[in-house]
Amino acid sequence: MRNPKLEVYSVNSGAGKRAVVVVNQEFNKAITAQVELPNPGTLMMATSEQPDAQPTTGTLQFPARSAAVVLDQ
């Protein structure tokens, strides 16, 4: 992990569904993170600020003390 204020968790359901959770632990700094999955389907992203999943390219921008979930559909 390159940034000690960034945490990444990944889940593979075994049924072809994957999710990645990225947590920004910075106290006052927004970040940009890139999520890359091998052979991805359609990537969708949801945050606590925007809970309805939206399509994403995998490049995430989100505020300090926030998290994003990327779903591989």
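1. A good place to start is burial: of the 73 residues in the chain, 33% are buried. Please keep in mind as you read on that this is a predicted model.

2. On secondary structure, the chain has seven strands and zero helices. Followed along the sequence, the order reads β-β-β-β-β-β-β.

3. The contact pattern is worth a look as well. Taking the contacts in the chain with a separation of 6 or more, 49% are between residues 24 or more positions apart.

4. As for the surface, about 4,900 Å² of the chain is accessible. Carbon and sulfur atoms account for 52% of that area.

5. Now to a single residue you may like to centre in your viewer: Thr47. Thr47 belongs to strand E4, which covers residues 43-47. Thr47 counts as buried because its relative accessibility is 11%, and the cut-off for buried is under 20%.

6. Which residues does Thr47 touch, leaving aside its neighbours within four places in sequence? The partners are Ala67 and Ala68. For Ala67 there is a distance to go with this: its C-alpha atom is 6.1 Å from that of Thr47, although the two residues are 20 residues apart along the chain.

7. Finally, the side chain of Thr47 deserves a glance of its own. One of its polar atoms lies 2.9 Å from the backbone nitrogen of Gln50. So, for a residue that counts as buried at 11% relative accessibility, Thr47 has both this polar pairing with Gln50 and the contacts with Ala67 and Ala68 to inspect.

Key:
Residues are numbered from 1 along each chain as its sequence is written. This is a predicted model: local features need pLDDT of at least 70, side-chain atom pairs count only at pLDDT 80 or more; totals for chains, interfaces and linings use all residues. Side-chain values use heavy atoms; hydrogens and water are left out. Helices (H or I, at least four residues) and strands (E, at least two) are DSSP runs, numbered from the N terminus. Buried means under 20% relative accessible area, exposed over 50%, partly exposed in between (1.4 Å probe, protein chains only). Contact means heavy atoms within 4.5 Å. Accessible areas come from the Shrake-Rupley method with a 1.4 Å probe; for residues, only the protein chains shown count as cover. A polar contact is a pair of N or O atoms within 3.5 Å; within protein, one must be able to donate a hydrogen and the other to accept it, and residues adjacent in sequence count only if both atoms are side-chain atoms.
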